[in-house]
Amino acid sequence: MAKTVIQFQHTGHFWNDLGVIALWRWMAENALDIGKTSNGDLMAEFDGCECILYQDCLETSGDETDVYAVLGDAIEALTGQVAQPSKTGKIWWTGPSSLLYAGQQPNFLLRYEQLPKKTQWRRRGHCDVCHGEGHAVRTTGTAYNPLLVNVSRMSGFYSELKGGYQICQSCAFAAPFALTQAWYSWGDEFLSLTLLWPVGVDLLAVDRFLRQTTGLHIADNLRRNYKRVFSYANSTTACFLDLMCSSWTIIRNHTSADVLMMALAGVQFHAMQLSKPSKTSNVVNIDRYQTIPDPMGILRLVQQSDHISQQGKIWNSLISILNDMPVKRRGADGKIQADTNLLNQIADAIVARSSIEGILEQRIYEALDQLHTDAKIIEHFNVFAFRLFVPIYFKEVKYMSANLLSALQSVGETLGELVKITEDRGILYNLRNARNADDLLEVLSRVVVRHADAFIERKPELWRNRVRELTEFIDNNNWHRARSLLGLYAGLKFIELSQKSQSSSSTSTNP
Ligand SMILES: [Zn+2]
């Protein structure tokens, strides 16, 4: 009897490729035996059926009934994971599939051999996903790839799409498995969903990564399938940072940390945010889609941000900062509301490895305002985390010399102390309003004239020398960055001193 061979191709369509590798992960986890072929390829063995993972395809072969049985078990397991019976006994979507497949009937998840028996299918044709010929095909749609829109609607605009975009039996079978290997996080009262998934040059690279991370999925939280380490992450990049930070806190003490780092080197991440206008709507919008090119660089940054406290505990300055980025305000009803704008901005910047000091500066100025309006709300604002993280980030993305950074820190912190002693917040506002390099240096020199008394113990000479040092560094290219950093360090110092005086006054009133 002829062997039946079914191939699932790596196609470069990122969602479909995730589907193929997710199908393989199911095979690897459920096979009777896992081994290697004589050529060194990974093989999962079932009764009468061999599944082999190649760089560019997953191949199942054996007697037809045995191959169909394995694929049948796989789709049954998938159905159990993404759909469940409602109270009335009807099968319906559960978890993220309820948004991803809004409007689709769960019965599109069919056994491999049953797919072509449905009316939408034609006996054979060209597959626009894998470019295979001669297999059963149907017009594809969002069910097989959320990035595809209904072609019948599109073809009105793009005449070359007439005739439809077709998907073959293999590609259609594998695609829905993708969801089982994606990370997800719900937002906006379950009306928006962020999906994150790894993309590799080939199937093996993604498999290596997923093998290291399957243990990091959690099942006991309805909102997301990974542990959260900071609050209010609701954009694609913030969720991605949350995932990386959380993975790091879980594996940092394991020997597998290096293995994960290596596995990450072989993949990029894709992130997609989908939403629908209301609970009952079947309209699904894609709000954002983006590529995260260097996840390993991000994990390395997270790793560099680990510190050991005086009590010997490990803590992480990046996680602390991300936790402090949302600006919290008390609403009229007394409830805390968080504005996540700055969190989203810094997450975008970190993922793009672009500058962050302007965003941090804004956050510090918000905190300074809140010191006056609602000091309690920033009681736990972690100034040390900001101070520790800035040089780590600058070193990692290599965009400012260490010399300049320490000079700016020293001058900035003296400014912060002066503001605290003299109560002259005008210094900070003048600093913030500096519009060019000369302006900035002028603001710094004026400080000593205005507050000579406050300098008596602090030696104005020292100050003059430091400002002179900066004069040599600051030019028309870097003055803006320098201004942000001065404001940042001055603000941090001021907040730190204010927090100290608050806690000492509260301890003195409490016996
Ligand atoms: Zn295909």
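**Exercise 1. Which residue takes a positive phi in the hairpin of β2 and β3, and how many residues lie between the strands?**

*Solution.* The structure is a predicted model.

Step 1. Identify the strands. β2 covers residues 33–36 and β3 covers residues 42–46; the two run antiparallel and are joined by four bridges.

Step 2. Locate the bridge partners. Glycine 35 is matched with methionine 43 in β3, and lysine 36 has leucine 42 as its bridge partner in β3.

Step 3. Inspect the connection. Five residues lie between the strands of this hairpin, and glycine 40 takes a positive phi near 90°.

**Exercise 2. Determine the strand order of the sheet that contains β2 and β3, and explain why β1 and β2 each have one side without a neighbour.**

*Solution.*

Step 1. Write the order. The open sheet has five strands, arranged β1-β5-β4-β3-β2 with antiparallel pairing.

Step 2. Examine the ends. β1 (4–9) and β2 stand at the edges and each has a single partner strand, so one side of each lacks a neighbour in the sheet.

Step 3. Consider the twist. On average, neighbouring strands of this sheet are turned by 20° against each other, direction ignored.

Step 4. Add the helix. Helix α2 (residues 64–82) packs on the sheet and touches β1, β3, β4 (49–53) and β5 (57–62). The direction of α2 makes about 135° with that of β5.

**Exercise 3. Describe the sheet formed by β8, β9 and β10.**

*Solution.*

Step 1. Establish the order. This open sheet of three strands reads β8-β9-β10, and its pairing is antiparallel.

Step 2. Name the edges. β8 (122–126) and β10 (166–168) are the edge strands, each pairing on one side only.

Step 3. State the angle. Neighbouring strands of this sheet are turned by 65° against each other on average, direction ignored.

Step 4. Follow one pair. Three bridges connect β8 with β9 (residues 133–139) in the antiparallel sense; glycine 125 has histidine 135 in β9 as its bridge partner.

**Exercise 4. Characterise the hairpin of β17 and β18.**

*Solution.*

Step 1. Define the pair. β17 (residues 327–330) and β18 (residues 336–339) run antiparallel, with four bridges between them.

Step 2. Find a bridge partner. For arginine 330, the partner in β18 is isoleucine 336.

Step 3. Examine the turn. The hairpin has five residues between its strands, and glycine 334 in the turn has a positive phi of about 85°.

**Exercise 5. Which residues of helix α14 are buried, and which residue follows the helix?**

*Solution.*

Step 1. Check the length. α14 (residues 402–422) has 21 residues, and its span of 30 Å from first to last C-alpha is close to the 30 Å expected at 1.5 Å a residue.

Step 2. List the burial. The buried residues are Ala407, Leu408, Gln409, Val411, Gly412, Thr414, Leu415, Gly416, Leu418, Val419 and Lys420.

Step 3. Move past the end. Glutamate 423 follows α14 and has a positive phi near 60°.

**Exercise 6. Which residues have the most contacts inside the largest nonpolar core?**

*Solution.*

Step 1. Begin with overall burial. Of the 511 residues in the protein chain, 40% are buried.

Step 2. Examine the core. The largest nonpolar core has 136 residues, and Leu23, Leu196 and Phe240 have the most contacts inside it.

Step 3. Trace one member. Leaving aside residues up to four places away in sequence, phenylalanine 240 touches Leu196, Phe269, Ala271, Ile292 and Val351.

Step 4. Recall the general rule. Nonpolar side chains tend to be buried together in soluble globular proteins.

Terms used: Residues are numbered from 1 along each chain as its sequence is written. This is a predicted model: local features need pLDDT of at least 70, side-chain atom pairs count only at pLDDT 80 or more; totals for chains, interfaces and linings use all residues. Two strands pair if DSSP finds at least two bridges between them. Axes are lines fitted to C-alpha atoms, for helices over the stretch in contact, and angles run from 0 to 180 degrees between N-to-C directions. A residue is buried if 20 or more other C-beta atoms lie within 10 Å of its own, exposed if 12 or fewer, and partly exposed in between; C-beta atoms are placed from the backbone. A nonpolar core is a set of buried Ala, Val, Leu, Ile, Met, Phe, Trp, Tyr and Cys residues joined through C-beta atoms within 7 Å. Two residues are in contact if their C-beta atoms, placed from the backbone, lie within 7 Å. The expected span of a helix is 1.5 Å times one less than its number of residues.
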